[in-house]
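Here's an informal walk through this model, written for someone who would rather look at residues than at statistics. Keep the structure open while you read.

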Amino acid sequence: MPDKKIKKVVVLGSGPIKIAEAAEFDYSGSQALKALREEGIESILINPNVATVQTSYDMADKVYLLPVSTPFIKKVIEKERPDGIMIGFGGQTALNAGIDLYRSGILNRYGIRVLGTSIEGVERALSREKFKETMEKCGIETPPSGAAKNREEALYYADLIGYPLMVRVSYNLGGRGSAVVWSKAELERELGIAFSSSKTEEILLERYLSGWKEIEYEVVMDRFGNSAVTACIENMDPMGVHTGESTVVTPAQTLDNYEYQKMRSTAIEVAKAIGLVGECNVQFALDPKSYRYYVIETNPRMSRSSALASKATGYPLAYVSAKLALGYRLYDIKNRVSGATTACFEPSLDYITVKIPRWDLAKFDNAKESIGTEMKSIGEVMGIGRNIEEALQKAVRMLDIGEPGIVGGKIYNSRMSRDDIIAALKGRKPYWFLYAAKAFKEGMSVDEVYNATLVDRFFLEKIRGIVERYENRWNEGIDVLKKLGFSDEQLHAKHSATPSIKQIDTLAGEYKAATSYLYTTYNGSDDDIEIGNSGNKLLIVGAGVFRIGVSVEFDWSSFNLHNAAKKYFDEVALINYNPETVSTDWDQVGKLYFEELTAETIEKIYRKERFSSIATFAAGQIGNNLSKTLEFAGLNLFGTSGGSVDVAEDRNKFSRLVEKLGLKQPAWVAATSMKEIKRFISENGFPVLVRPSYVIGGSSMRIIRNFKSLMQFIENYKLSKYPLVISKIISGTEAELDCASDGSNVLGVGAQHIEEAGVHSGDATVVTPFFGGKSAYEKMKAAAVSIASELSIKGVFNIQFIISRNEPYIIELNLRASRSMPFSSKSVGTNLIEYGVKGIFEKYGWNGFYEPKHNAYMVKTPQFAWGSLRGAYPYLGPEMRSTGESASMDMSMGAALIKSWLGASPNRIPEKAVLVYGKTNQEYLNYIPRILSKYNRIVTLEGAEVKGAEPLDKNSIIELLGRKEIDLLITDNDIRDIDYEIRRAAADLSIPMVLNGRLGKELAMRFHGAKLSYNELSSYY
Amino acid sequence: MRKEKAYLYLEDDTILEGIGFGAQKIGAGEAIFTTSMNGYPESLTDPSYKGQLLVVTHPLVGNYGVPEKVYKNGILADFESESIKVEGLVISELTEGYKWNSFMNLDTWLESEGIPGIYGIDTRMLTKKIRDNGVLGGVLSVGAPIKNYKKYLADYEKKNFIAQVSPRKPIEYKNGRQLVVVVDMGVKHGILAELYKLGYSLARVPYNYPADKILSYEPAGVVYSNGPGNPAILKDVIKSFTEVAEYKIPIFGICLGHQIATLAFGGSVEKMKFGHRAINKAVIDMNTRRSYITTHNHGYAVYPSGIPHGSKVWFLSPDDNVVEGLIFKGRNIMTTQFHPEARPGTNDAGFIFSYFQKMINNAR
């Protein structure tokens, strides 16, 4: 039974979404908070990620939007005096913070218990050296390896073990700094990055088990040693590809009873050896030609794979783990799916799940397009089916990369030569299965593809089978093809039959499920739920896979829409397939379809279940793209009509509206011919902003400064088919209004960027409330009201402006939830989504524009992934590149800014030298040495110098960076011709970078002496 | 892959059409389901499945092929008996294996052993049917439809399947000085392997071997094994159990053996609606409060109200209160309803065999 002395618990979050730490920690943190609430324990959450679901009061009793690092956590502890702390629900960030707190003696001083696995246990798992020792003591085999603390030791062990070698890093995130090296020269190149990626500057040199299979088990264990192994995950990719980068199938498919159970028992021994209380994963390398295996590593915390395993099996690992941390026995916890059995069991699956990561590498200039030991993917999807083909093809469509399945898409129909295909497979380009299918189409054998990929033949045969059926599709019955997961689009045919609706119940049908966690399949002959009960039923489209530009904020939107709509509908269901998220938590969502977000699937479910409306406005880009198709197919759109959406999206219609309302906008053209483009340029000149229509997150958006670049941009663009939108760039600052409307009256929250216009709003540092001129703001608010009335907007919308000479120009209108809505909602404690839904059904109680009162500033800082994307050039532009955001509130803008900036990694206040240089925004850059020279040595780059700093050439700077003598870089714009190596060195060595001069100045002014407050979120309202 | 049609007829007049594999013939039995996701070579050869049509809930079966039969000290490694024991196999999808130790594929194996199989069935639908209605008699026909399927249906509860899976004559395995007699009602080789590992010589005797013949081996212990069918009809076995117990010789009853022990000492055994057939189930040791994930394969059960005289509940299922093991104080009898040898299943409860060894050592 739980410890009654625990009354107040701090839960650490994972901070901003970054590569290898995404919404899975929103999900696991939310589950932990739920478990605490059930026990009547007061929960205090520390997480600066304002876009998450967990930072709302539905989940936690108190929320601190503060960086997850010792100085800030200490302040909260001093104030709240909690009894316990949970460090296993916020990824590596929370775990590392917990270890720091423990080592600094703070936990001891305040008598705070670490709930769950002890710090000693965590260290035994995460220190490569201690882990190896612990395993040896227990007689558990790990690959031949040596732990090194410096270059000499590393080279010594490398000689001893022999090449190829796997370089692993202690206490790191997403395999950061790890690599496979084939020679001494390669090893020497990698050592710098490896050591600087480790929190303890400790690395492990390990024999590289090329071609071995990677298998992962999830273990739960209570404090009495009772355990269950709740999932076994099989990576299709072999060892050497990070599990987060692998295509993964659950349950494991190619293991026989003997090896499955041997490794399972070993996984439990590993858990015992580290003293697990809660959950851990244990990774194995398995020889594909014998029963030999090694333990590779363990993570004694909630992880990306534990979130995946929870969704794949229906076993809520985070929830159970939190209960175990509170002292429960495993079998005293209920299985929440069956409602009848206990949590002490191992799920049996009567379906197959396939997880595929999603990469966005093309967004990053120069980024290396090959996957391996370090995580680079930005999101993931999970397809569920009754066979591998169905699950796999669904998953490919879920990626939303324009591929209609394993076959029949761009790559399949490309003119790649055999050599190109083999090169793509060997070079581990993302989405290997598409190239494997192409290889089979070109007549290559399974052996040839195996030799290039080292993917188990069992899976390759499945892909080969799909190709065979597809090439023979005219002779196959359509039923056979649908069973293999082919979409109507792939077959260019409309298939009338609807799929069966099946339930995920953790027990393969043995007990009746009490929850509605559903998927569809063409391999079924009946439904698990009663179909066709009528009533007022809403289906909400979720945000799908995360990519740059669509992240946890849209999960917040769809989840909040689900909660807000419950009041108005008999039944609310949500459809989404992102295994990381809260919105795919069957325990939080009344009815969940874990399914594709394609028009075909949505329409079939909608009609089969007789939904009365469908909501697409909370789902980011996917929802946006679907709304027209769905409305055209006759589905009833919830909220603002597709016609109004069309006015907002169609530049011509929108332009007429702006003119009609007497508002201003920058000159623009949607050109379909070179003639139009030339005319526009001659009238307006350069620079211009160009982009294809219908995009989010600014993908393919560029600032063009001359004809040559313009021609380059257009080269591969089918102009006549898709108009190219070119607009004049107005200099100024950007501002936004996030709004909800009842058709005439508006609830709105204003915000303004620190960086100048031209930096994508998702990459900008954003401040609310609006702090510019009053007259401009009055015009913005008036614009919002007139647009809302003119288009009869019912629901949420967002308007973006450029303020130039105190005059607002409208640059964009979005009739949907915006990326910043959780930020603006939480800055004033008013949920815009809730008001959006309210506005659909009833009138607000005010006339015109209403903005809740701001009693404090909230600032959000983007989180970038430069360190994880080797080779990518770090800079800010009109195309979004950040992965997440950190936010904080305070009484002054500067204090809120500093706190939010420190919440993003690897940011820290500089103590050593600061490097400042740049060719633009120099008036701001020049100001920085004046402020900081009191505290820091200031160096600058020759050729892009700032005043009052010590000029150095590029090589000296890189050397200083290498010696970690520079701990902050401030620069501006894109000057890759002169500083590519400098920015890359800083990224590789995890040195903080500020990539905009205006932001640099704002920060420099507050690094020292800003008066920070450490208050609970609601105290700022 | 062959593509002939196959038909599955159920007692409640459900007819399912699928694709046939394995042998082209008719198989009849009680349709039951297992939720074990792998371990099909072990399951299919488990004699406890005699007289049953096995439905596998995991949709893909055959993924790693079928290994070669390898004997170690006369005991099989990856199979629970010399041949397939189920009357037929019902699955969603038949697959090919490409594993290093695969000797043949599942289809070929079933064909070579004369066992019919059907795939392309919504096994979840079937599982739910069995769950909601209880076990159902079924007839599987590969090749041609049959007119009067009912004539193939036998009354499972009255039939003595054990006679078909128990040896006619004793089989002996030479090993250490001490010998354990295994009363073979369809013993799994996994049980033999565990006992052999402890150093015992083994004598597998026919299920209806009388007590005096069992005792003539001067056994250090006696194991009453698992096996198919209704325990209540096994009067001979119940009798031998009672008589052997008189001599205070350590007895370990596994699965059916646990039910025999219950009946021998006045307890009651009930037919379950659809049984426990899984490798994912917890049992709780009532003495230590420790839980173990174990393998189950039983259609009959003992409940706390029906435990035999002089016994105490040793293991209990936290899900449905089935008595999963008994200890008879002062009588040197221990039983488990679950399978400590697993195969297929976890190694969590393997220690139970050394517990038996301890009982043997203390009895001397």
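Once you set aside its neighbours within four places in sequence, Lys860(A) is in contact with Val50(A), Val766(A), Phe823(A), Glu885(A), Ser886(A), Ala887(A) and Ser900(A). Bear in mind that this is a predicted model. Lys860(A) belongs to strand β33, which covers residues 857-863 of chain A. Is this lysine buried or exposed? It has 33 C-beta neighbours inside 10 Å, so Lys860(A) counts as buried; the cut-off for that label is 20 or more. If you'd like a distance to check on screen, Lys860(A) and Leu1003(A) sit 143 residues apart in sequence, and their C-alpha atoms are 13 Å apart in space.

His562(A) is another one to click on. You'll find His562(A) in helix α19, residues 552-565 of chain A. With 25 C-beta neighbours inside 10 Å, this histidine counts as buried too. Not counting residues up to four places away in sequence, His562(A) touches Ile540(A), Val572(A), Leu574(A) and Val589(A). As for distances, Gly465(A) is 97 residues from His562(A) in sequence and 40 Å from it in space, C-alpha to C-alpha.

Now for a whole helix. How many of the 11 residues of α12(A) are buried? The count is 11 of the 11, so this helix, residues 388-398 of chain A, is largely enclosed by the rest of the structure. Charged side chains don't escape the list: Glu389(A), Glu390(A), Lys394(A) and Arg397(A) are among the buried residues of α12(A), and so are Ile388(A), Leu392(A), Val396(A) and Met398(A). What does the covering? It includes the strands β12 (248-250), β15 (352-358), β16 (379-385) and β18 (516-521), along with the helices α16 and α17 (478-483), each of them in chain A. After α12(A) comes Asp400(A), which has a positive phi, near 60°.

Helix pairs are next. Two packed helices are described by the angle between their axes and the distance between the axes. Here are three pairs from chain A.

| Helix pair | Axes come within | Crossing angle |
|---|---|---|
| α13(A) and α15(A) | 10 Å or less: 8 Å | roughly 40° |
| α15(A) and α16(A) | 10 Å | roughly 125° |
| α32(A) and α33(A) | 10 Å | roughly 0° |Start with α13(A), residues 418-426, whose axis comes within 8 Å of that of α15(A). The crossing, at roughly 40°, makes α13(A) oblique to α15(A). Ile422(A), Leu425(A) and Lys426(A) of α13(A) make the contact with Val449(A), Ala452(A) and Thr453(A) of α15(A). By type, these residues divide into 4 nonpolar, 1 polar and 1 charged.

Helix α15(A), residues 446-453, also packs against α16(A), with the axes crossing at roughly 125°. These two helices are therefore oblique to each other, and their crossing is right-handed. On the α15(A) side the contact uses Val446(A), Val449(A) and Tyr450(A), while α16(A) brings Arg457(A), Leu460(A), Glu461(A) and Arg464(A). This contact divides into 4 nonpolar, no polar and 3 charged residues.

The last pair is α32(A), residues 954-962, and α33(A), residues 976-988. How are they oriented, parallel or antiparallel? With axes crossing at roughly 0°, α32(A) and α33(A) are therefore roughly parallel to each other. The contact takes in Lys954(A), Ile957(A), Ile958(A), Leu961(A) and Gly962(A) from α32(A), plus Glu981(A), Ile982(A), Ala985(A) and Ala986(A) from α33(A). That makes 6 nonpolar, 1 polar and 2 charged.

Chain A also has a partner to look at. Between the two chains, 43 residues of chain A are in contact with 41 residues of chain B. Both α9 (257-274) and α16 (457-471) of chain A supply at least two residues each to the side that touches chain B. The largest share of that side, 6 residues, comes from α9(A). Sorted by type, the chain A side holds 17 nonpolar, 15 polar and 11 charged residues.

Finally, zoom out to the whole chain. Chain A contains 34 helices and 39 strands. Its radius of gyration is 27 Å, close to the 31 Å that the globule rule gives for 1021 residues, so chain A is as compact as a globular protein of that length. The C-alpha atoms of chain A fill a box of roughly 75 × 70 × 65 Å along the principal axes. Of the 1021 residues, 63% count as buried. Take the contacts in chain A between residues at least 6 apart in sequence, and 71% of them join residues at least 24 apart.

Technical notes
Residues numbered from 1 in each chain as written. Chains lettered and ligands numbered in written order. Predicted model: local features only at pLDDT ≥ 70, side-chain atom pairs only at ≥ 80, totals over all residues. Contact = placed C-beta atoms within 7 Å. Helix = DSSP H or I, 4+ residues; strand = E, 2+ residues; numbered from the N terminus. Nonpolar A, V, L, I, M, F, W, Y, C, P; charged D, E, K, R; others polar. Buried ≥ 20, exposed ≤ 12 C-beta atoms within 10 Å, placed from the backbone. Axes fitted to C-alpha atoms, helices over the stretch in contact; angles between N-to-C directions. Parallel < 35°, antiparallel > 145°, perpendicular 65-115°, else oblique. Left-handed = near helix turned anticlockwise from the far one by under 90°. Rg over C-alpha atoms; globule rule 2.2 N^0.38 Å.
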